[in-house]
Amino acid sequence: MLDIDVADMTIRQRERLLLWSVVPRPVAMVSTISPQGAINLAPFSYYTAVGYSPMALLFCVGRRADGTEKDSCRNARVPAEGGTGEFTVNVLIEKHAEAATVSASPLPYGQSEYEPAGLRPLPGRRVRSPHIDGSPIAFECRTSAVVPVGDHFIVIGEVVHVTADEGLINDIDFHVDLDRLGSVGRMGAADYVRTSDRYIVGDKA
């Protein structure tokens with residue numbers, strides 16, 4: 001058995017081990033907007049649900065190579081901290097996977113990734129940050145907290161509005177049609193996995 005003392009690992013080794021072990025990870029494309037009105041888009045596979053009372057999501061973001069905060073975190077901060085206090089989480093689907101890779105490329109602050117990624121922003125309903133045209137489901141959030149963890153930040157937001165494709169969600173019990181959703185998960189680096197191969201353990205709930 002291999003025993004690893006984390007204190008002996010480099011940062012890159014820790015990153016690689018987590019990326020290839022904590023899998024598959026849900027992937028989201030997070031839209032934000034700056035106080036000046038510039039929109040930003042970036043993919044995050046360190047992203048998950050927080051809870052449902054209130055309904056909340058989080059994504060984790062690191063810093064740029066020069067040590068400054070990435071645009072998504074900077075924009076999502078509450079106004080008192082220089083941001084707008086809003087963000088929109090778009091569930092990643094296979095047809096947008098290449099666009100997600102493009103949107104991950106660093107651009108100067110205030111320059112939108114939507115156009116280089118070949119995507120079109122649609123106006124939010126309850127927040128100013130847009131959602132992606134063609135994304136089957138988007139969660140509009142207002143920032144609850146930005147929690148520093150070493151060189152990273154956990155951005156937590158309360159969901160205030162959900163936009164979904166017609167027929168994707170059963171409006172009685174709110175079950176989601178997973179086949180129609182077609183979300184993808186991230187393995188390591190550029191390795192992704194489809195969610196179409198599923199099985200049920202025990203009795204179906």
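Student: In this predicted model, which residues does Gly-134 touch, not counting residues up to four places away in sequence?

Tutor: Gly-134 touches Ile-93, Lys-95 and His-96, and a contact here requires heavy atoms within 4.5 Å. Gly-134 itself is found in the loop between strand 8 (131-132) and strand 9 (137-149).

Student: Why is Gly-134 called partly exposed?

Tutor: The relative accessibility of Gly-134 is 30%; buried would mean under 20% and exposed over 50%, so a value of 30% places Gly-134 in the partly exposed class.

Student: What separates the C-alpha atoms of Gly-134 and Asp-5?

Tutor: These two residues are 129 residues apart along the chain, and their C-alpha atoms are separated by 45 Å. For another pair, Pro-26 and Val-91, which are 65 residues apart along the chain, the C-alpha separation is 8.2 Å.

Student: What makes Pro-26 partly exposed?

Tutor: Pro-26 has a relative accessible area of 40%, and since partly exposed covers the range between the 20% and 50% cut-offs, the label follows because 40% falls in that range. Pro-26 is found in strand 1 (residues 25-26), and its contacts, leaving out residues up to four places away in sequence, are Phe-44, Ser-45 and Tyr-47.

Student: How do you know that strand 2 and strand 3 pair?

Tutor: Pairing needs at least two bridges between the strands, and strand 2 (residues 28-33) and strand 3 are joined over six bridges in the antiparallel sense, so the condition is met. Ile-33 stands opposite Ile-39 in strand 3. The two strands form a hairpin with five residues between them, and Gly-37 in the turn has a positive phi of about 95°.

Student: What makes strand 3 mostly covered?

Tutor: Five of the six residues of strand 3 (residues 39-44) are buried, and buried means under 20% relative accessible area.

Student: Which residues touch the most other members of the largest nonpolar core?

Tutor: Within that core of 22 residues, Phe-59, Phe-87, Val-89, Phe-139 and Val-155 touch the most other members. Several elements each supply at least two residues of this core, among them strand 2, strand 3, helix 2 (71-76) and strand 10 (152-164), while the largest share, four residues, comes from strand 9. Leaving aside neighbours within four places in sequence, Val-155 is in contact with residues including Leu-57, Phe-59, Cys-73, Phe-87 and Ala-145. A second, separate core of 13 residues includes Tyr-114, Ala-117, Ile-132 and Val-184.

Terms used:
Residues numbered from 1 in each chain as written. Predicted model: local features only at pLDDT ≥ 70, side-chain atom pairs only at ≥ 80, totals over all residues. Heavy atoms only, no water. Buried < 20%, exposed > 50% of the residue type's maximum accessible area, 1.4 Å probe, protein only. Core = buried A, V, L, I, M, F, W, Y, C linked by side-chain atoms within 4.5 Å.
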